[in-house]
Amino acid sequence: MDVRPDTPTATVEVFFDSFRQPACINGFKGQFLAVNAAFTAALGWTAEDLRDLAYYDLVSAPERKSLLKLGALIVRHAGGDPRTYRRAFRHKDGSYRVVEWTAWADPKANVVCATGRVLGVAGTR
């Protein structure tokens, strides 16, 4: 997102939180920096819950390796076209939700911004 320096931070926050689909901002090492209300509604996790977790902590062990490779690819091509992928992410209640994410890395801010679309409940992993 290209935000002018004189844009009020509160405006950006309201815009981010107004998305009806899950959205998050992660650091290049995977740590959650921000999640919107739709993320919390879909997956149950609040920003406070995620303080010590990374995005790859929310997928099953068998999917973790491929997600880490994909995350590295997104970071390596920072500033390029967004990448879309599907993964089953763990809800705070322990169940899984299949989410289709579109992620883009910002090389200036060293962050990955992602928006998601919940496709349904996945089987237990």
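Select His91 first and show its surroundings: leaving aside its neighbours within four places in sequence, His91 is in contact with Ala42, Leu43, Gly44, Trp45, Tyr96 and Arg97, where contact means heavy atoms within 4.5 Å. This is a predicted model, in which local features need pLDDT of at least 70 and side-chain atom pairs count only at pLDDT 80 or more, while totals for chains, interfaces and linings use all residues. Residues are numbered from 1 along each chain as its sequence is written, and side-chain values use heavy atoms, with hydrogens and water left out.

Staying on His91, note that this residue lies in the loop between strand 3 (83–90) and strand 4; helices (H or I, at least four residues) and strands (E, at least two) are DSSP runs, numbered from the N terminus. Is His91 buried or exposed? His91 counts as buried because its relative accessibility is 13%, the terms being buried for under 20% relative accessible area, exposed for over 50% and partly exposed in between, with a 1.4 Å probe and protein chains only. Its side chain reaches the backbone nitrogen of Asp93 at 2.9 Å, a polar contact being a pair of N or O atoms within 3.5 Å, of which, within protein, one must be able to donate a hydrogen and the other to accept it, and residues adjacent in sequence count only if both atoms are side-chain atoms.

Next, select strands 3 and 4 together, which run antiparallel and are joined by 8 bridges; two strands pair if DSSP finds at least two bridges between them. Arg83 stands opposite Ala103 in strand 4, and in the hairpin of these strands, with 5 residues between them, Gly94 takes a positive phi near 100 degrees.

Now add strand 5 (residues 111–122), which pairs with strand 4 in the antiparallel sense over 11 bridges. Two of the residues in contact with His91 can be followed here: the bridge partner of Tyr96 in strand 5 is Ala122, and Arg97 stands opposite Val121. The hairpin of strand 4 and strand 5 has 4 residues between the strands, and Asn110 takes a positive phi near 55 degrees there. Strand 4 itself is mostly covered, with 8 of its 11 residues buried.

From strand 5, move across to strand 1 (residues 23–27), of which 4 of the 5 residues are buried. Strand 1 and strand 5 run antiparallel and are joined by 5 bridges, with Cys24 partnered by Ala114 and Asn26 opposite Val112. Strand 1 also pairs with strand 2 (residues 32–35), in the antiparallel sense over 3 bridges, and Ile25 stands opposite Ala34.

For the last stop, select Leu73, Ile74, His77, Gly80, Asp81, Arg83, Trp104 and Ala105, which line the largest cavity. On a 1 Å grid over the protein atoms alone, a cavity is a set of points where a 1.4 Å probe fits but cannot get out, and lining residues have an atom within 4 Å of a point. The volume of the largest cavity is about 30 Å³, a volume being the space filled by probe spheres set on the points, with grid points joined across faces, edges and corners. Helix 3 (61–76) and strand 4 (96–106) each supply at least two residues of this lining.

Definitions and conventions
1 Å grid on protein atoms, 1.4 Å probe; cavity = no way out; pocket = protein on both sides within 12 Å on 5 of 7 lines; lining within 4 Å.
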